[in-house]
Amino acid sequence: FNENSILMDDCSMTNQRGSAAIYFFILSGIGLITAWYFNALAVFNREDYLAEGFTSNVDWVLSLDLLIVGFAAMAFIIIEGRRLKMKNLWVYIALAFVTAAAFTVPLFLGMRELKLKRVRKALQVTDLAKQAGGRIEYFEIDEHKIEVFVPDQLVANSPVLVIHDGKNVFDPATATTGATWGVLEALAQGRIRSENPPLIAAVWGLSDATRLPELGPQHIIENHPDMWDYYPDEWKPTDPTPRGNAYQDLLANKLLPLLSQKFGVVLNPETTAQMGASMAGLASIQGIASYPKVWGAALGLSTHWPFAGDFTVPELVDALPEPGQHFIWTDGGDLDLDEMYAPHHYAAVEQLENRGWVRDQHFMAMRFPGTGHNESYWQARVHLPINAWLNS
């Protein structure tokens, strides 16, 4: 068996866990409905549970059978639940006394299958990281989850790549669409070509509700506070308070020093980059505008140049440092949202050149026909901007 076939078997087993969970939840629902229905009839008819339950040898067999199995199930819930670090185990026990074991035991088994599914997916990420030549470590800074790919060949001058929207980077179990950026796959397949693989930190945002104010360039939001009026209702942030400066400060002044201390890498703008897609691509470019002495490169896929309409391109490009010491990658496709981005993409190219940034030297602006705005498209080309940065 090769590693790919093992991963396929793991994926198959993960899918089976999901099917098993659905089966147990169906049983749990049936158990709840039948228990309440017949309990209601018993209450209305003023039936005596003890008298009716132990009136014949058959009743004794069934009643004791249920009791013994019930106590065994409770022990199993506690022991297995603790082993898997499941929460609120007491709820299952309590519900068994006020509803029925026919409801709570299948409910627990269904939740157990979901937990095992998450564990198996986590193991898949671990195995994939090993194939990519490293491991994944986890920690948290200021309520932001951080997932770090640490290459086995890590040395002091290893490049450092920080990727936004961290939940979509490594683990399909947490990815919004169920598809990741495919960074680990690109490393494992040798599509990311470097004798010195990068240390990669995937940074989770605070929440989906604060994503736009956190990734958006703060000076642009403050210059145009009415910009949210032009957004569809489903895109408008519930709290539009600008958070871009605080986010960039966290990356430059907290995350990078921690990575340096924890993993022994020397921070150097020439080998330090931000990367993201859509709004996160815009945030990456804002990174070198905010901290030009910290970040040497910004890699944006399907960059969300129309963030504040026609104001984004001139105001963000104007905030960039003078050309020569930094590298920018920005790209897009021609399907769905990317089709709408095209005019702003070309405007950004023009503005960069007007500022003296030389195309294919200081920046690369790429178009990928037949591609759109999601991780499935980005994972197919994720290696291209990384290679361009590592070899710039």
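Contact here means that heavy atoms lie within 4.5 Å. The model is predicted: local features need pLDDT of at least 70 and side-chain atom pairs count only at pLDDT 80 or more, while totals for chains, interfaces and linings use all residues. Residues are numbered from 1 along each chain as its sequence is written, and side-chain values use heavy atoms, with hydrogens and water left out.

**Exercise 1. Find the surroundings of Asp165.**

Task: Say where Asp165 is found, whether Asp165 is buried or exposed, and which residues Asp165 touches.

Solution:
- Step 1. Start in the loop between E3 and helix H6 (183-188), where Asp165 is found. Helices (H or I, at least four residues) and strands (E, at least two) are DSSP runs, numbered from the N terminus.
- Step 2. Check the accessibility: Asp165 has a relative accessible area of 16%. Buried means under 20%, exposed over 50% and partly exposed in between, using a 1.4 Å probe and protein chains only, so Asp165 is buried.
- Step 3. List the neighbours, leaving out residues up to four places away in sequence: Asp165 touches Val203, Arg211, Leu215, Ala277 and Ala280.

**Exercise 2. Lay out the sheet around E5.**

Task: Give the strand order of the sheet, then describe the pairing of E5 with E3 and with E6.

Solution:
- Step 1. Trace the order E1-E2-E4-E3-E5-E6-E7-E8: these 8 strands form an open sheet with mixed pairing. Two strands pair if DSSP finds at least two bridges between them.
- Step 2. Mark the edges, strand E1 (134-141) and strand E8 (363-368), each of which pairs on one side only.
- Step 3. Take E5 with strand E3 (residues 160-163): they are parallel, over 4 bridges, and Leu161 has Ala273 of E5 as its bridge partner.
- Step 4. Turn to strand E6 (residues 297-301), which pairs with E5 in the parallel sense over 5 bridges; here Gly276 is opposite Gly300 of E6.
- Step 5. Look at the burial of strand E5 (residues 272-277): 6 of its 6 residues are buried, so E5 is largely enclosed by the rest of the structure. Thr272, Gln274 and Gly276 point one way, Ala273, Met275 and Ala277 the other. This fits a simple rule: in a regular strand the side chains alternate between the two faces of the sheet.

**Exercise 3. Follow the helices that pack together.**

Task: Describe how H11 packs with H10 and with H12.

Solution:
- Step 1. Place helix H10 (residues 279-290). H10 lies across E5, E6 and E7, at about 155° to E5. Axes are lines fitted to C-alpha atoms, for helices over the stretch in contact, and angles run from 0 to 180 degrees between N-to-C directions.
- Step 2. Pair H10 with H11: their axes come within 8 Å and cross at roughly 35°. Leu282, Ile285, Gln286 and Ala289 of H10 meet Thr312, Leu316 and Ala319 of H11.
- Step 3. Move on to helix H11 (residues 312-319) and helix H12 (residues 336-354), whose axes are 9 Å apart at an angle of about 35°. Val313, Pro314 and Val317 of H11 make this contact with His344, Ala347, Ala348, Gln351 and Leu352 of H12.
- Step 4. Finish with strand E7 (residues 327-333) and E8, which pair in the parallel sense over 6 bridges. H12 packs on the sheet here, touching E7 and E8, and its direction makes about 160° with that of E8.

Technical notes. Right-handed = clockwise from strand over helix to strand, strands pointing away.
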